[in-house]
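Student: I would like to go through the aromatic rings here. Can we take them pair by pair?

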Amino acid sequence: AQKDKAIEIGRVPGTMDRSAVNEEHTHIIGLLYSKMILYDLESNEIAKEVFYGDLRERAGFEAESVVLMAPDFDFTDDGNGVYINMRNSDKDSVFLYDFQTDELSLIAEGEDMGNLEYVDNNIFYLNSGGIIKYDLETGDELVLVSGGIKEFAVSPNGEKILYHVRETSYYSVLYLYDFATE
């Protein structure tokens, strides 16, 4: 952005929906159709592939009973891990997959925990009740905003949330939730 230009750093076969760079700027983790990858920026090669089906098995789920969806992923702040929501018929289970240690850990469970965003040791998610803040240390959940929310984004410092409510099929309203004033 400072130089107002984009520089190609590599090519990955397939469509990478989302990605994150680690703090040291040595690799990118990315989400593709059937797998996550660790892309080494020095060698410009995929250094590691992790298939979603393998993660389902490691979590103890049968492949047919679990759905993984692109909006239900978010990256750790250090760019070394991915929060993954594995949804089955009766609950959602949020796992953390760490590329460095190859560990998959259960972080939280609940109902309808969609559109995950991880910020400052909290997971924010959207369900029929609104935007929920889940504290990873205490396990406490707090409904922040409710009512017809379609999408949201949390600021990097976790102090504000921008969300959008669709009033009609042609009309939407944007709102800003500020923790300092609420």
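Tutor: Yes. This is a predicted model, where local features need pLDDT of at least 70, side-chain atom pairs count only at pLDDT 80 or more, and totals for chains, interfaces and linings use all residues. Residues are numbered from 1 along each chain as its sequence is written, and side-chain values use heavy atoms, with hydrogens and water left out.

Student: How many aromatic pairs are there?

Tutor: Rings of Phe, Tyr and Trp (its six-membered ring) pair if their centres lie within 6.5 Å. Planes under 30 degrees apart count as stacked, over 60 as edge-to-face, the rest as tilted. By this rule, the number of aromatic pairs is six.

Student: Which kind of pair do Y97 and F99 make?

Tutor: Their ring centres are 5.0 Å apart. The planes meet at 80°, so the pair is edge-to-face.

Student: Is F99 buried or exposed?

Tutor: Buried means under 20% relative accessible area, exposed over 50%, partly exposed in between (1.4 Å probe, protein chains only). F99 has a relative accessible area of 2%, so F99 is buried.

Student: Which kind of pair do Y163 and Y175 make?

Tutor: The centres of these two rings lie 5.3 Å apart. Their planes are at 20°, so the pair is stacked.

Student: What is the relative accessibility of Y175?

Tutor: Y175 counts as partly exposed. Its value is 34%.

Student: Which ring does the charged end of K133 sit over?

Tutor: A charge sits over a ring if NZ of Lys or CZ of Arg is within 6 Å of the ring centre and within 35 degrees of the ring normal. The charged end of K133 is 5.2 Å from the centre of the ring of F179. So by that rule the ring is that of F179.
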